[in-house]
Amino acid sequence: MVALLPDPDAGRATFAAVREALRRNGVAAAMATMAAGLAPEEGEAAPGPERPAAREEAPTPEQAAAFRRMHANLPVFLEHVPCPFSGYAPDLVALKSAARLVVGVGRDSRALLPAVAAEGLARRVGAGVAEFPGGHMGLTEDPRAFAARLRDVPAAT
């Protein structure tokens, strides 16, 4: 939802820079460019309350296998996904009419620009914000906790 960021053009430029870094210098450079581009600007206050650091636990065998698959797919993802999806603009009118709309945000990624856009969407359409365990990809970090929270969200809204 780059269109909902404070500076959508800068967001789209970030994803174009990610693809260019991939083409010039490979996956590691592209990921570094993305990580730098998704964090708030120096001196910007992170949205939401202060959070403790994420726990460092060894991944389960299933998580390790998923990470290996995701890593192997990064070249295709970085080349073909971020730029097209950065042009997406949600239909705010349709979303405002949705019953009981809730936007999910990862607890450990509240300071990242995807969470800023998600919380901006919630404000614009009058939706609730539900915090989920983990970061931007919390469902892969702790699937059980994520699923438990997902089951709780309808009751909490």
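**How the first three helices pack**

The axes of helix 1 and helix 3 approach to within 8 Å and cross at roughly 135 degrees, which makes helix 1 oblique to helix 3. The crossing of this pair is left-handed. The model from which these values come is a predicted one, and the description below follows the packing of helices 1, 2 and 3 before turning to the nonpolar cores. Where helix 1 and helix 3 touch, V18, R19, L22 and R23 of helix 1 meet P75, L78 and E79 of helix 3. Sorted by class, the residues of this contact are four nonpolar, no polar and three charged.

One of the charged residues deserves a separate look. E79 lies in helix 3, and with a relative accessible area of 19% it is buried, because the limit for that class is under 20%. Apart from residues up to four places away in sequence, E79 touches R19, L22 and R23, and these three belong to the helix 1 side of the contact with helix 3.

For the chain as a whole, the protein has eight helices and two strands, and along the sequence these elements follow the pattern α-α-α-α-α-β-α-β-α-α. Of the 157 residues of the protein, 28% count as buried. Among contacts between residues at least 6 apart in sequence, 69% join residues at least 24 apart.

Two packed helices are described by the angle between their axes and the distance between the axes. For helix 1, residues 8-25, and helix 2, the axes come within 7 Å and cross at roughly 160 degrees; because angles over 145 degrees count as roughly antiparallel, helix 1 and helix 2 are roughly antiparallel to each other. Helix 1 passes helix 2 in a right-handed crossing. The contact brings T14, F15, A17, V18, A21, L22 and N25 of helix 1 against V27, A29, A30, T33, M34, G37 and L38 of helix 2, and by class it holds 10 nonpolar, four polar and no charged residues.

The remaining pair is helix 2, residues 27-38, and helix 3, residues 61-80, whose axes come within 10 Å and cross at roughly 60 degrees. Helix 2 and helix 3 are therefore oblique to each other, and their crossing is left-handed. From helix 2 the contact takes V27, A30, M31 and M34, and from helix 3 it takes L74, P75, F77 and L78. What classes do the residues of the contact of helix 2 with helix 3 divide into? The division is eight nonpolar, no polar and no charged.

Within helix 3, L74 and V76 can be followed in turn. L74 lies in this helix and, at 15% relative accessibility, counts as buried. Its contacts, leaving aside neighbours within four places in sequence, are with V27 and M31. The C-alpha atoms of L74 and V27 are separated by 7.0 Å, although these residues stand 47 residues apart along the chain. V76 also has its place in helix 3; is V76 buried or exposed? With a relative accessible area of 55%, V76 is exposed. The C-alpha atoms of V76 and V27, which are 49 residues apart along the chain, are separated by 10.0 Å.

In soluble globular proteins, nonpolar side chains tend to be buried together. In this model the largest nonpolar core has 14 residues, and those with the most contacts inside it are L5, F15, V18, A30, M34 and L78. The elements giving two or more residues to this core are helix 1, helix 2, helix 3 and helix 6, the last spanning 113-125. Helix 1 supplies the largest share of the core, four residues.

M34 shows how these helices come together at one side chain. Leaving aside its neighbours within four places in sequence, M34 is in contact with F15, V18, F77, L78 and P82. Of these partners, F15 and V18 take part in the contact of helix 1 with helix 2, whereas F77 and L78 take part in the contact of helix 2 with helix 3. M34 itself is named on the helix 2 side of both contacts. Apart from the largest core there is a second, separate core of nine residues, which includes L4, A115, V125 and A127.

Methods
Residues are numbered from 1 along each chain as its sequence is written. This is a predicted model: local features need pLDDT of at least 70, side-chain atom pairs count only at pLDDT 80 or more; totals for chains, interfaces and linings use all residues. Side-chain values use heavy atoms; hydrogens and water are left out. Axes are lines fitted to C-alpha atoms, for helices over the stretch in contact, and angles run from 0 to 180 degrees between N-to-C directions. Angles under 35 degrees count as roughly parallel, over 145 as roughly antiparallel, 65 to 115 as roughly perpendicular and the rest as oblique. A crossing is left-handed if the near helix is turned anticlockwise from the far one by less than a right angle, and right-handed if clockwise. Contact means heavy atoms within 4.5 Å. Ala, Val, Leu, Ile, Met, Phe, Trp, Tyr, Cys and Pro count as nonpolar, Asp, Glu, Lys and Arg as charged, and the others, Gly among them, as polar. A nonpolar core is a set of buried Ala, Val, Leu, Ile, Met, Phe, Trp, Tyr and Cys residues joined through side-chain atoms within 4.5 Å. Buried means under 20% relative accessible area, exposed over 50%, partly exposed in between (1.4 Å probe, protein chains only).
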